[in-house]
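Please walk through the model below, starting with the whole chain and ending at one residue.

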Amino acid sequence: MTVTVDVTSYPQRGLSLFLTIPVDGEPVRTYSQSLEIVRLAEEIGYETVWAAEAHFTLIGLPSALTFLAAASQTTTTIRLGTAVVPLTFDNPIRLAETAALVDALSDGRLEFGVGKGNGGGFSTVAFEAFNLSEEDRESLYAHALDDLRRALGGTVVAGEKEVSLYPPPAGLLPRLWQATGNSRTAAEIGRAGDGLLLHRLVPSGDAGQIQSGLIDDYLGAHTGERSPRIGISRVLLPASSQQEAVSLLESELRRNPGQYVTPGGPPATAEEFLARSNVKYGDPDDIVEQLLADAAFTRSTDYLFSIPLPQSSP
């Protein structure tokens, strides 16, 4: 049963830019360009920029917090989010310290998104590299999340005494987000009062319909202490028409096919990539129509948009 909640009554954060920085042969140039994109996003009026973190994949950002620390020094108003830090591969107390530092450097602009690491084989190499069992993914995350939450409370146990984090992580707990595609976890996130982050893809089926069910689970368990926050990631390919959008992607597939692997393997055509990757494409009216037909998008409070082409100015 759909949980009826008027999300329009909650604070809206406006448009967000979602950066998935690619692996390439010139990381210095790529990071510099990405930082410039964050600065331009603030200038244009984006509310938040979110950075994807991953290890040993096509995403070339192993530390989103480090990147956002740099971004905090060239911006003043745009909010800075991690989408997401996979907790399993870090010490949660050390992460809490780093997050508190980034929040201080940014004058309280950090949105701290965490997760388990994507399933479906996406994070398998990372689990192997860090000498962890992917079968323990759920329990590893649960323990790390408990430790992180306690540390974000400001103190940690050190032997028989408690020590305080510096800088103090004041105000970060209400800005904690969790990503999931799991019904039980969505309800746990709601009970905790954290924000819910939804990926652009699901293992099978219609992403909007399936994620609308996760939103039901989240809202049904949500505590009344904080307003629900539902952040949804969607990929947009704007152009003068749908045909032009397909042509743009076809050109990029020819130039750089290795960057366009989908859950079903390398796409045979641009249309196949667009369908598999849940990309909304065409002119502005086309994209708005497709977004409004997305059952989860219309129930979200935060919108994380990315473009499936090489990074350029937003």
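How much area does the chain expose, and what share of it do carbon and sulfur atoms supply? The exposed area is about 14,900 Å², and carbon and sulfur atoms supply 54% of it; accessible areas come from the Shrake-Rupley method with a 1.4 Å probe, and for residues only the protein chains shown count as cover. This is a predicted model, in which local features need pLDDT of at least 70 and side-chain atom pairs count only at pLDDT 80 or more, while totals for chains, interfaces and linings use all residues. Residues are numbered from 1 along each chain as its sequence is written, and side-chain values use heavy atoms, with hydrogens and water left out.

The chain contains ten helices and eleven strands; helices (H or I, at least four residues) and strands (E, at least two) are DSSP runs, numbered from the N terminus. Along its principal axes, the C-alpha trace spans about 65 × 50 × 40 Å. The radius of gyration of the chain is 19 Å, which agrees with the value near 20 Å for a compact globule of 314 residues. That radius is taken over C-alpha atoms, and the globule rule is 2.2 Å times the number of residues to the power 0.38.

Of the 314 residues, 49% are buried. Buried means under 20% relative accessible area, exposed over 50%, and partly exposed in between (1.4 Å probe, protein chains only).

Ala-275 belongs to helix α9, residues 270-276. This residue counts as exposed because its relative accessibility is 62%. Between Ala-275 and Asp-146 there are 38 Å in space, C-alpha to C-alpha, and the two are 129 residues apart in sequence.
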